[in-house]
Amino acid sequence: MNFYVLTLFPDMVSDCLSYSVTGRAIRSGAITVTCVNIRDFAQNKHRSVDDYPYGGGAGMILRPWPAYRAYEYARKLANASAPVIYLTPQGATFRQEKAKELAAEKDIILLCGHYEGIDERLIEEIVDAELSIGDYVLTGGETAAIVVIDAVSRLVPGVLSENSTLDETFENRLVEYPQYTRPPEFLGRHVPETLLSGHHANVEKWRREQAILRTKAKRPDLIKDDDNV
Ligand code: ADE
């Protein structure tokens, strides 16, 4: 799967994703992340990409042309049907379901805003969907793009070991059951007996019960009235 990121801070995105699972996924070729620096497409002497807002007000606005040219460049590299997603706190909240949906795409173009915003005409012209990673305001869309790429990448076949996303939090609208590893006792706390029993069916039953208890305690909002739990 290929991600194209339109950004003023390409190193921020590529450095962050070069570690751990996403780093391995990039090195193995399971995903590619191509950062397109919007500033490279500024044609004025000072390569400036922002300007004052018409009508006045605080902050600077990303001018439409440099970002549009960066988009055209990415569009030539990406699949013609690749969706363009703008990261903004105004967008729909990014959730696991959306991550799954996006993991089925071949290419995605992510537009990162900075400063006070982006000229609205650029958004109207190129953006297919707006996503927010939560109800707070970040300094720019880069951290949000990193979050989206991370969450989507791990669902791309070959990136994680098989089955490792099956039991995880949000599957079946439950959070994940508690996990333990050696030693069997830690500071007087013991691993639950069932997990040491080697009885597969009992382990499964215990895990499901724990997932339900945990969801009720920690994330009751995930349980709908018609859920049979
Ligand atoms: N840009 C600024 N804040 C953001 C947020 N919460 N989600 C996505 N993009 C953003």
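# Salt bridges, a covered strand and a ligand

In this predicted model, the side chains of Glu171 and Lys100 meet in a salt bridge, at 3.0 Å from N to O.

Trainee: Where in the chain do Glu171 and Lys100 sit, and how many residues apart are they?

Mentor: Let's place them one by one. Lys100 belongs to helix 4 (residues 96-103), while Glu171 is in the loop between helix 6 (142-153) and strand 9 (185-186). The pair links distant parts of the chain, and the separation is 71 residues.

Trainee: Is Glu171 buried or exposed? And what about Lys100, buried or partly exposed?

Mentor: Buried means under 20% relative accessible area. Glu171 has 16%, so Glu171 is buried. Lys100 has 33%, so Lys100 falls in the class called partly exposed.

Trainee: Which residues are linked with Lys100 in a network of salt bridges?

Mentor: We've already met one partner, since Lys100 forms a salt bridge with Glu171. The network holds one further residue besides that pair. So the residues linked with Lys100 are Glu171 and Glu97.

Trainee: How many salt bridges does the count come to?

Mentor: Here are some more of them. Arg121 forms one with Asp119, with the closest N and O atoms 2.6 Å apart. Glu168 and Arg154 meet in another, also listed at 2.6 Å from N to O. The full count comes to nine.

Trainee: Take Arg121 and Asp119: which one is exposed and which one is buried?

Mentor: Exposed means over 50% and buried means under 20%. Arg121 is at 51% relative accessibility, so Arg121 counts as exposed. Asp119 has 15%, so the buried one is Asp119.

Trainee: How about Glu168 and Arg154: how far apart in sequence are the parts they tie together?

Mentor: Their side chains meet in a salt bridge. Both Glu168 and Arg154 lie in the loop between helix 6 and strand 9, so the pair ties together parts whose separation in sequence is 14 residues.

Trainee: Let's move to strand 1. Which of its residues point one way, and which the other way?

Mentor: In a regular strand the side chains alternate between the two faces of the sheet. In strand 1 (residues 2-7), six of six residues are buried. Asn2, Tyr4 and Leu6 point one way, and the other way go Phe3, Val5 and Thr7.

Trainee: Which strands pair with strand 1, and in which sense?

Mentor: Six bridges join strand 1 to strand 2 (residues 32-37), with Thr7 partnered by Asn37. Five bridges join strand 1 to strand 6 (residues 107-112), and there Val5 has Leu110 as its bridge partner. So the strands are 2 and 6, and the sense is parallel.

Trainee: On to the ligand. Which residues have a polar backbone atom 3.0 Å or 2.8 Å from a nitrogen atom of the ligand?

Mentor: The ligand's surroundings include Leu87, Thr88, Pro89, Ile133, Gly134 and Tyr136. Gly134 has a backbone N or O atom at 3.1 Å from a ligand nitrogen, so that residue doesn't fit your distances. At 3.0 Å we find Ile133, and at 2.8 Å we find Tyr136.

Trainee: How much of the ligand's accessible area does the protein cover?

Mentor: On its own, the ligand has 260 Å² of accessible area. Residues surrounding the ligand include Leu131, Ser132, Val137, Leu138, Gly140 and Ala144. The share covered by the protein is 96%.

Methods:
Residues numbered from 1 in each chain as written. Predicted model: local features only at pLDDT ≥ 70, side-chain atom pairs only at ≥ 80, totals over all residues. Heavy atoms only, no water. Buried < 20%, exposed > 50% of the residue type's maximum accessible area, 1.4 Å probe, protein only. Helix = DSSP H or I, 4+ residues; strand = E, 2+ residues; numbered from the N terminus. Pairing = 2+ DSSP bridges. Salt bridge = Lys/Arg side-chain N within 4 Å of Asp/Glu carboxyl O. Near = heavy atom within 4 Å. Polar contact = N/O pair within 3.5 Å; in protein donor to acceptor, adjacent residues only side chain to side chain. Areas by Shrake-Rupley, 256 points an atom, 1.4 Å probe, with all protein chains shown as cover.
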